[in-house]
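Please open the structure in your viewer and keep the selection panel at hand. This tour proposes what to select at each stop and describes what is found there.

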Number of protein chains: 2
Amino acid sequence: MKIYKKNDETSYTLGVFPTIELLKKRPQDVIRVVVHSSIIQNKGYPLIQELCQQYHIHIEIHDKTIDKLSPKNNCFAIGVFKKYSDQIQEGNHVVLVNPMDMGNMGTMMRTMLGFGYLHLVIIRPAVDIFDPKVIRASMGAIFHLNIQYYDNFESYYQEYKYHEFYPFMLKGAKNIHQISTNNVHSLVFGNESSGLDDTYLNYGQSVFIPHSETIDSLNLSMALGLTLFHFSKEQFQRKEVLRDNV
Amino acid sequence: MKIYKKNDETSYTLGVFPTIELLKKRPQDVIRVVVHSSIIQNKGYPLIQELCQQYHIHIEIHDKTIDKLSPKNNCFAIGVFKKYSDQIQEGNHVVLVNPMDMGNMGTMMRTMLGFGYLHLVIIRPAVDIFDPKVIRASMGAIFHLNIQYYDNFESYYQEYKYHEFYPFMLKGAKNIHQISTNNVHSLVFGNESSGLDDTYLNYGQSVFIPHSETIDSLNLSMALGLTLFHFSKEQFQRKEVLRDNV
């Protein structure tokens, strides 16, 4: 096995937790699982074994592969899988225009999952979502989401123009605190350093997130997180405990 | 100059933007500024020159120093400064108990500044805020904040027990959406991986941030960001534009 390259037909998870998420959500795409001999002590291993048995997936113990693919010494399992392509479905969408940062991308996937946003549109050029760094930063959330690339924003917009569109921009016309909606919507965010250009002022209701003038802007994953927290408020505001089983 | 170590008496900023923030906010602590010869083309350089002249700070052009201290090739200025110790002041506080991640810490500082939270309490053991990685991730926000370390939570609590205390915990008793306050408060967050232990249920009003059960928890900097966004809503919700000069 070699270190991942963008044009490879397969990719891999690094770590027990994302490997379990892969096995649970995309077993049909898993080629094999490679583990480090010291995984025996890991409390996630029985579940990996159980899932691999259920889906007839081979587990290989091979320390050298793990040491080679994982830069840090804290990875005990790798799930090798065939890269797949997905389609977004009806529901609320997050649209990222030209996102480039791998760590940010993973964090955003995880936050989306946390607030019940399951459909992610990515406008090219953009980061490769199957890069192991993205998968790792997402902690496996990537396997729970429907993710679809588009070559340009306009083709996505034409397909979903009946959605309410909210482009997030420093020049946005309306304060996020003054917005609430129960309609199906698309939340649109620009690139980490340049944001959305002025043409996006023409799509739907542009929005700004107010903050003090001592910083230029919030970082992208933070801005997305605040927005999802705000837009999903209705759904979460009456919860009495975080989990029913606590 | 050598790569930073925790016990050094000085530290340094990496990059034009954080160096400008250092020069603006803590000129009295700056020892010297080192720049790369190619900084001439950088649009931030005239401001660095102006600030250095104003405060009689020496600028040294030394490419090798920059190349040595900056792992990536995108740093053109370094501001060397004497490490200082700060005191928090009256106002709303953020309290981080045993934070360990340097990138997270920088992001949190920046988000605090963005939402007008200027006082940060850190309970030891904890990350070294003067590590250049923290300073860089904060994009210089560190120099705008008052930051004070305490050896344990109890000694901080005894000093400020007239504050409203909100410890954020998965087991928290109240949903964040049901909380709002105009009183002086302390928002308390635990370590990135372990959170706050159960003893914190006894301080003030414990809070949870509701999210879907498909993720274990939000990451720390995201949880803090959402919380500051929520708690500072009153102050920001009537803003009509992000900046007066847009």
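**First stop: the contact between the chains.** Select chain A and chain B of this predicted model. Their contact takes 33 residues from chain A and 33 residues from chain B. Now select helix H4 (102–114), helix H7 (220–231) and helix H8 (233–236) of chain A, the elements that each give two or more residues to the side touching chain B. Which of these elements gives the most? H4(A) does, with five residues. Colour the side of chain A that touches chain B by residue class, and 14 nonpolar, 13 polar and six charged residues appear.

**Second stop: the axis.** Superpose chain A on chain B: a turn of 180° and a shift of 0.0 Å along the axis lay chain A on chain B with an RMSD of 0.0 Å. The two chains are therefore related by a two-fold axis. Select Leu226(A), whose C-alpha is the one in chain A nearest the axis, at 2.7 Å. Both copies use the same surface, as 100% of the contact residues of chain A recur in chain B.

**Third stop: the domains of chain A.** Select residues 10–82 for domain 1 and residues 93–236 for domain 2, following the domain assignment of chain A. The centres of these two domains, taken over C-alpha atoms, are separated by 31 Å. Where they meet, eleven residues of domain 1 of chain A are in contact with eight residues of domain 2 of chain A. On the domain 1 side, select strand E1 (10–14) and helix H1 (16–25) of chain A, each of which supplies at least two residues. H1(A) gives the most to this side, with five residues. By class, this side of domain 1 has five nonpolar, three polar and three charged residues.

Key. Residues are numbered from 1 along each chain as its sequence is written. Chains are lettered from A and ligands numbered from 1 in the order in which they are written. This is a predicted model: local features need pLDDT of at least 70, side-chain atom pairs count only at pLDDT 80 or more; totals for chains, interfaces and linings use all residues. Two residues are in contact if their C-beta atoms, placed from the backbone, lie within 7 Å. Helices (H or I, at least four residues) and strands (E, at least two) are DSSP runs, numbered from the N terminus. Ala, Val, Leu, Ile, Met, Phe, Trp, Tyr, Cys and Pro count as nonpolar, Asp, Glu, Lys and Arg as charged, and the others, Gly among them, as polar. Copies are superposed by least squares on the C-alpha atoms of residues with pLDDT of at least 70 in both. Domain bounds come from an automatic or database domain assignment.
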